[in-house]
Amino acid sequence: MSDNYSYTKKALLRMLSENARASITQLSNFADCSRITASNGVKELEKEFGLFYTIEFDLDKLGLGQRHIIMAKFEKKPKIGALRQLLADDRVVQFASTTTGDFDFLVYAVSPSSLEYMRWETLVQTRLAEYGVTFMPSQMVMSHIGFIPLSSRLVSEMDMRRFGLDETDKAMLLQLNENSRISYRDLAKLVGVREDTLRYRFMRLNRAGIIKRFTVVMKKPPTAYNVAFFVDYKFTAGTEARAKKAREYYMSVDGKMPLVNKFQVLAPISGSHRFFVLGCFENDEDAEESFIKKHNEFFKGDSPTIYSAKIENVVKGMLPIRNIDVRSNYRVVNWE
């Protein structure tokens with residue numbers, strides 16, 4: 001998927017993924033090109049891939065400890081419109097899509113408490129009962145790599161006072177969540193403060209620590225073959241040693257800068273399944289070779305079982321497809 005694009009475009013997307021607020025000068029230096037080339041390259045990327053500049057939040061600091069990734073199956077598949085209508089005003093669901101494969105529906109749900117999550121899960125399953133839905137949820141406590149964008153609906157309802165932030169700061173966050181590359185001048189106008197005041201508040205937002213990075217995702221990714229995997233395996237004495245080998249593979253698979261990362265989300269989970277993966281592939285064979293065979297090879301001593309399904313129609317939210325330096329951003333946790 002990356003061979004058809006120049007190094008310049010890949011480099012520009014890498015910088016925007018890691019710092020969406022990078023200046024044209026910073027972008028041109030990173031991509032080793034002129035400022036005009038960098039500016040034109042960003043415009044071309046925006047047009048071709050529908051770049052959406054947003055925020056990667058620190059969910060733990062926001063108090064959003066209930067994060068569930070859900071595999072669902074239907075006895076009778078509902079229409080896309082019905083699912084969109086059902087989730088249109090849902091503040092808990094940050095991403096949902098229909099899928100084709102071992103399961104029919106993928107949902108990422110976020111809430112501040114287990115009680116709110118359980119109420120939501122019960123309500124949604126009740127509303128989908130006519131389709132014979134079966135939910136298989138797992139909690140995503142952390143992620144080795146990747147994120148799924150938060151909806152502005154959820155951000156707007158959060159109490160930011162514990163971070164020393166007020167309603168103007170929240171208004172800034174909401175605007176940045178919809179366009180994290182917005183200029184200081186335009187942002188100041190939108191929230192109704194002077195630009196110098198805005199810059200001070202912006203610095204305070206960064207100090208609050210709730211923003212991991214200003215980043216970008218693609219509304220129109222270069223490959224339509226995006227696959228979600230859920231993995232089960234037994235824990236044995238050698239599981240952690242095998243996991244270290246797997247981590248090295250995931251960190252090195254994008255050694256040569258790609259247009260987008262092969263793996264967008266890698267997350268250990270607890271519940272119905274043990275591991276969740278979201279990846280971008282050329283086709284079914286690429287998904288088989290890059291993940292299924294590799295994972296079975298690494299964990300053959302742990303009897304792995306892999307459930308996979310291709311993302312079909314996004315019902316709510318956005319796929320987090322971007323290009324970051326995986327090795328430098330990979331979060332490693334040993335369970336020893």
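Which residues does Thr-98 touch, not counting residues up to four places away in sequence? In this predicted model, the list is Ile-80, Leu-83, Asp-104, Phe-105, Lys-310, Ile-311, Glu-312, Asn-313 and Val-315. Thr-98 itself sits in strand β3, which covers residues 93-101. Its relative accessibility is 11%, so Thr-98 counts as buried. If you have the structure open, β11 (305-316) is a handy element to show alongside it.

**A buried tryptophan**

Trp-120 is another residue to pick out, and its place is in helix α5, residues 114-127. With a relative accessibility of 6%, Trp-120 falls under the 20% cut-off and therefore counts as buried. What does Trp-120 contact once its neighbours within four places in sequence are left aside? Its partners are Ile-70, Asp-90, Val-92, Val-93, Val-107, Ala-109 and Phe-135. To get a feeling for scale, pair Trp-120 with Gly-301: they are 181 residues apart along the chain, and 38 Å lies between their C-alpha atoms.

**Three helix pairs**

Next come the helices, and three pairs can be set side by side.

| Helix pair | Distance between axes | Crossing angle |
|---|---|---|
| α1 (residues 7-18) and α2 | within 9 Å | roughly 130° |
| α7 (residues 167-178) and α9 (residues 195-207) | within 10 Å | roughly 80° |
| α10 (residues 239-252) and α11 (residues 284-298) | 9 Å | about 155° |

Let us begin with α10 and α11, whose axes make an angle of about 155°. Angles over 145 degrees count as roughly antiparallel, so this is how α10 runs relative to α11. The crossing of α10 past α11 is right-handed. On the α10 side the contact is formed by Arg-242, Lys-245, Ala-246, Tyr-249 and Tyr-250, while α11 supplies Ser-290, Phe-291, Lys-294, His-295 and Phe-298. Sorted by class, this contact holds 5 nonpolar, 2 polar and 3 charged residues.

The α7 and α9 pair has a crossing angle of roughly 80°. That value lies in the 65 to 115 range, so α7 is roughly perpendicular to α9. From α7, the residues taking part are Thr-168, Asp-169, Met-172, Leu-173 and Leu-176, and they meet Leu-198, Arg-201, Phe-202, Arg-204 and Leu-205 of α9. The class count here is 6 nonpolar, 1 polar and 3 charged residues.

How are α1 and α2 oriented to each other? They cross at roughly 130°, and the two helices are therefore oblique to each other. As with any such pair, the handedness can be checked on screen: α1 passes α2 in a right-handed crossing. Tyr-7, Thr-8, Ala-11, Leu-12, Arg-14, Met-15 and Leu-16 of α1 come together with Gln-26, Leu-27, Phe-30 and Ala-31 of α2. By class, these residues split into 8 nonpolar, 2 polar and 1 charged.

**Two loop residues with positive phi**

Most residues other than glycine have a negative phi. Asp-32 is not a glycine, yet its phi is positive, at about 55°. Asp-32 belongs to the loop between α2 (24-31) and α3 (35-49). Its relative accessibility is 68%, so Asp-32 counts as exposed. Leu-12, one of the α1 residues in the contact with α2, is 20 residues away from Asp-32 along the chain, and 9.7 Å separates their C-alpha atoms.

Ser-303 is also not a glycine and has a positive phi, here of about 50°. You will find Ser-303 in the loop between α11 and β11. Is Ser-303 buried, exposed or partly exposed? At 42% relative accessibility it counts as partly exposed.

**Cysteines**

How many disulfides does the structure hold? The number is 0. Cys-33 has 18% relative accessibility and so counts as buried. Cys-280 counts as buried too, because its relative accessibility is 2%.

Note on methods: Residues numbered from 1 in each chain as written. Predicted model: local features only at pLDDT ≥ 70, side-chain atom pairs only at ≥ 80, totals over all residues. Heavy atoms only, no water. Axes fitted to C-alpha atoms, helices over the stretch in contact; angles between N-to-C directions. Helix = DSSP H or I, 4+ residues; strand = E, 2+ residues; numbered from the N terminus. Parallel < 35°, antiparallel > 145°, perpendicular 65-115°, else oblique. Left-handed = near helix turned anticlockwise from the far one by under 90°. Contact = heavy atoms within 4.5 Å. Nonpolar A, V, L, I, M, F, W, Y, C, P; charged D, E, K, R; others polar. Disulfide = S-S within 2.5 Å. Buried < 20%, exposed > 50% of the residue type's maximum accessible area, 1.4 Å probe, protein only.
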